[in-house]
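Please look over the sequence and the model below before reading on; the paragraphs that follow go through the charged pairs between strands and then turn to a helix.

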Amino acid sequence: MKKALLVIDMQKICIGKDHADYFKYDDGLLDAVNQVIDNSQDKIIIYIRNVMKNNIINKFAPFHAYEGSREAELAEGLHIVSENVFDKFVGDAFSNKKLDEFLKSHEVDEIEVIGVDGGACVAMTALGALKNGYRVTVNTKAIGTMFEKKKASYFEKIKKLGADFI
């Protein structure tokens with residue numbers, strides 16, 4: 001049984017000294033995520049970036065993390081221990097088919113998710129992993145959340161589908 005750790009949306013736009021005003025994640029989140037990364041030598045570490053296409057619709061968003069922009073880069077201070085980086089344009093990281101192909105090629109069957117946001121991309125990725133047949137662990141010690149009501153609803157659904165929570 002091989003395991004992977006998905007580090008979701010830990011980007012300059014979301015966290016760190018230059019994050020967008022829209023995001024209000026706890027200062028301890030980066031430390032918590034780094035601690036999980038440091039304690040995951042038995043897992044394949046994968047970083048997921050949420051990027052936006054530079055189009056007319058996204059110009060009206062309250063923040064901008066366009067493909068190739070500084071804001072879309074992984075956050076300063078984040079422990080980068082692999083070159084496994086996948087981009088996504090929507091909440092669920094499994095919308096990028098290359099992620100699932102990569103996991104299958106490495107015989108991964110269990111996924112742990114951490115990062116931002118527990119009421120959006122982390123939860124949607126956990127659901128995507130479950131739908132794709134992976135065992136899922138949601139590590140609540142290293143998840144930032146701005147959308148508490150959505151998080152509660154998503155987490156209830158994820159639990160019913162068999163995910164573990166730590």
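**Charged pairs and a buried helix**

Glu110 has a relative accessibility of 11% and therefore counts as buried, the cut-off for that class being under 20% relative accessible area. The model in which this value was computed is a predicted one. The side chain of Glu110 meets that of Arg135 in a salt bridge, with a distance of 3.2 Å from N to O. Because Glu110 belongs to strand S4 and Arg135 to strand S5, this pair ties together parts that are 25 residues apart in sequence. Arg135, with a relative accessibility of 43%, counts as partly exposed, and salt bridges that share partners bring Glu110, Arg135 and Asp164 into one network.

A search of the whole structure yields nine salt bridges, and another of them also involves strand S4. In this second case the side chains of Lys43 and Glu112 meet, at 2.9 Å from N to O. Since Lys43 lies in strand S2 and Glu112 in strand S4, the pair links parts of the chain that are 69 residues apart in sequence. Both partners are buried, Lys43 with a relative accessible area of 18% and Glu112 with one of 7%.

Strand S2 takes part in a further pair, in which Arg49 forms a salt bridge with Asp87 and the closest N and O atoms are 2.8 Å apart. Arg49 lies in strand S2 while Asp87 lies in strand S3, so that here the parts tied together are 38 residues apart in sequence. Each of these two residues counts as partly exposed, with a relative accessibility of 21% for Arg49 and of 25% for Asp87.

The strands named so far also bear on helix H3, which spans residues 121–131. Why can helix H3 be described as largely enclosed by the rest of the structure? The reason is that nine of its 11 residues are buried, and these are Cys121, Val122, Ala123, Thr125, Ala126, Leu127, Gly128, Ala129 and Leu130. What covers the buried residues of H3 includes strand S2 (43–50), strand S3 (85–88), strand S4 (108–116) and strand S5 (135–144), together with strand S1 (2–8) and helix H4 (148–160). Strands S2 and S4, which are joined by the pair Lys43 and Glu112, are thus among the elements that cover this helix. After H3 comes Gly133, a residue whose phi is positive, near 90°.

Definitions and conventions
Residues numbered from 1 in each chain as written. Predicted model: local features only at pLDDT ≥ 70, side-chain atom pairs only at ≥ 80, totals over all residues. Heavy atoms only, no water. Buried < 20%, exposed > 50% of the residue type's maximum accessible area, 1.4 Å probe, protein only. Helix = DSSP H or I, 4+ residues; strand = E, 2+ residues; numbered from the N terminus. Contact = heavy atoms within 4.5 Å. Salt bridge = Lys/Arg side-chain N within 4 Å of Asp/Glu carboxyl O.
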